[in-house]
Number of protein chains: 2
Amino acid sequence: MNQPENRRFLLIRRPHGTPQPEDFRLETKAIPTAPEGGMVIRNHFISLDPAQRGWMDDAPSYMPPITLGEPVRATTVGIVHESRLPGFVPGQWVLGLNAIEDYSVVLPGGFTSAIDIAIVDRPSRYLSAVGAVGMTAYFGLLEAGQARAGETLVVTGAAGAVGSMVGQIGKIQGMRVIGIAGGPEKCRRLIEDYGFDAAIDYKGKSVAALSADIATAAPGGVDVLFENVGGDVMDAVLLNLALHARIVLCGLISEYNAPDKVGIRNLWQIIVKQATIHGFLIAGYVDRFAEGGAQVAQWIGEGRLRVDEDIQHGIEHSYDAFMRLFSGANTGKLVLQIA
Amino acid sequence: MNQPENRRFLLIRRPHGTPQPEDFRLETKAIPTAPEGGMVIRNHFISLDPAQRGWMDDAPSYMPPITLGEPVRATTVGIVHESRLPGFVPGQWVLGLNAIEDYSVVLPGGFTSAIDIAIVDRPSRYLSAVGAVGMTAYFGLLEAGQARAGETLVVTGAAGAVGSMVGQIGKIQGMRVIGIAGGPEKCRRLIEDYGFDAAIDYKGKSVAALSADIATAAPGGVDVLFENVGGDVMDAVLLNLALHARIVLCGLISEYNAPDKVGIRNLWQIIVKQATIHGFLIAGYVDRFAEGGAQVAQWIGEGRLRVDEDIQHGIEHSYDAFMRLFSGANTGKLVLQIA
């Protein structure tokens, strides 16, 4: 399946709001060679994540913006093509922070980990359940959110890759779990596929109407909010917090493409309920991935945890695949397979 | 100075945005009598606080809304006028949650504490430095904010009653302290009267311009934000957080009178900086008032802490006095003296 050349999905213009096809260009270059102390990776699976939209802006973030003219930064799973780095040999599967391109150069000191694909049904699992997505759900809910049995959990973006895992882990922990998602089909899946106790469709609802639905589903208030969405959906949940609620602020996907953000208007409820908001980045937990990965793998093996992947195909479809994150089209962790 | 009758400052209409004189009415009634197991208090000093604006709305809060036709709820310092409650005798000074009225009925189970006015220069201190205001500054900064020597503290609403104490306590703790306030006179006082390291005037500045000023004053980022204001001022500070910043969310005074709130648009920085927002109500610390009050009284006695009071006079001026909270006119804790 390898290509004789290296196709690269470049960012050539910073998006204003929703990314447009003209913000990107697919170029074809020669396959690179490994630098002294580095490697060349043949990428097979590319992780597509909301965070990439943030990296396209020229704004302060936890990583520098993607340089214009360079390929879009991405976590990938691939095979070592050429190695001048001790400990890595051609043919070996690795996980690393690379880019949307057939071949990535790993410089000395770059982040690359060997992965054991024998314990998973397909290598892309390292981009979902046993990778950053799964660990975000696991450590976000249990550590940042301090989730406890008997409490009420609300998950926004509940049908997404992180959200669906959060809700299921909440059920495993003995919580009452309410998911908020867009559209009846996603809500059906929350109940039937992921075992949520209740599902609320936010589409077409005012903040007041959505708040009323949440109050009905969580009459005792919301103890833990796992927030992936922001905007009006978050504002509606804020009106239903229980005393000393914990909010795990994991993503604000409704705001990434909004140049004129509405903003969060019910933050005063954080004071009223003596609640806490924890800004969550999985980077704070990398040293505990082995522990979390083992627990998640065990739950999957026991059939208690279902993790869906939405695998799209072909680097030439990078733009359309990426936009599935924002259109509400994807179900499960979005992955682009390019080899 | 006692009046033969009981004047009461009633809420007769819920304000939409900025309170109007027509939202209130001063009525005159007979002096009430004490119920079995209760008391009547002659109020002398009335605390005027932003929280009272929130209680005027018909919205979920940590206390029920003020009932229309009833006087505006307020913390007061006064003298027991009649007591049928064991342990309290006429002539004794007390602090309690009552209302803007000459005489308040304390029902059985109501919140009233005996106070020792011998340790303070005037009884109104129990509404400021050694009362809820001072304890908000003390426990908010040191417990919720986990302030540490060598860190950078930003205080918004810095020239206010809480803010000016927070900044001074920060200096006592060995922090670099930056205050944000409205207008050159307030900024002058932050430096000259309260010993802040830097003062920034937010008036007439865009979020971007204010953010740039904060970046200049806090080149290493903001470790602790003590937030009294919200809105654009908070949004500008959010763009300058240090990693693992703590935000003590104490008030959102810029938003209380805004029916079409702009909202907070830079909440994504909470994720990026793995920051935490703590919704702070002093109610969570009432059992530690003796500890905090003793420390604050000691600092005042040592001349290390300056606490200003803005004492207005006459219950007939209740509306004008209350509005000083929102006009930026008051300097120090706002108190209405009615006897």
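**Close-ups of where chain A meets chain B**

**View 1. Let's start at the rotation axis of this predicted model.** Which residue of chain A comes closest to the axis? That's A:Gly263, whose C-alpha lies 2.1 Å from the rotation axis. In general, a rotation about an axis plus a shift along it relates two copies of a chain. Here, turning chain A by 180°, with a shift of 0.0 Å along the axis, superposes it on chain B with an RMSD of 0.1 Å. The two copies are therefore related as by a two-fold rotation axis.

**View 2. Now look at the surface where chain A and chain B touch.** On one side, 30 residues of chain A take part, and they're in contact with 31 residues of chain B. Why can we say that the copies meet through the same surface? Because 100% of the interface residues of chain A are also interface residues in chain B.

**View 3. Here's what chain A and chain B bury between them.** The buried area comes to about 2600 Å², and 68% of it is on carbon and sulfur atoms. Helix 8 (268–272) and strand 13 (276–279) of chain A each bring at least two residues to the side that touches chain B. Helix 8 gives the most, with 5 residues. Sort the residues on this side of chain A and you get 18 nonpolar, 9 polar and 3 charged. How many salt bridges are there between chain A and chain B? The count is 0. Polar contacts do turn up across the interface, in 4 residue pairs.

**View 4. Finally, zoom in on strand 13 of chain A and strand 13 of chain B.** These two strands run antiparallel, and 3 bridges join them. Find A:Ile277, and you'll see B:Ile277 standing opposite, in strand 13 of chain B.

Methods
Residues are numbered from 1 along each chain as its sequence is written. Chains are lettered from A and ligands numbered from 1 in the order in which they are written. This is a predicted model: local features need pLDDT of at least 70, side-chain atom pairs count only at pLDDT 80 or more; totals for chains, interfaces and linings use all residues. Side-chain values use heavy atoms; hydrogens and water are left out. Contact means heavy atoms within 4.5 Å. Buried area is the accessible area (1.4 Å probe) that two parts lose on being put together, summed over both. A salt bridge is a side-chain nitrogen of Lys or Arg within 4 Å of a carboxyl oxygen of Asp or Glu. A polar contact is a pair of N or O atoms within 3.5 Å; within protein, one must be able to donate a hydrogen and the other to accept it, and residues adjacent in sequence count only if both atoms are side-chain atoms. Helices (H or I, at least four residues) and strands (E, at least two) are DSSP runs, numbered from the N terminus. Ala, Val, Leu, Ile, Met, Phe, Trp, Tyr, Cys and Pro count as nonpolar, Asp, Glu, Lys and Arg as charged, and the others, Gly among them, as polar. Two strands pair if DSSP finds at least two bridges between them. Copies are superposed by least squares on the C-alpha atoms of residues with pLDDT of at least 70 in both.
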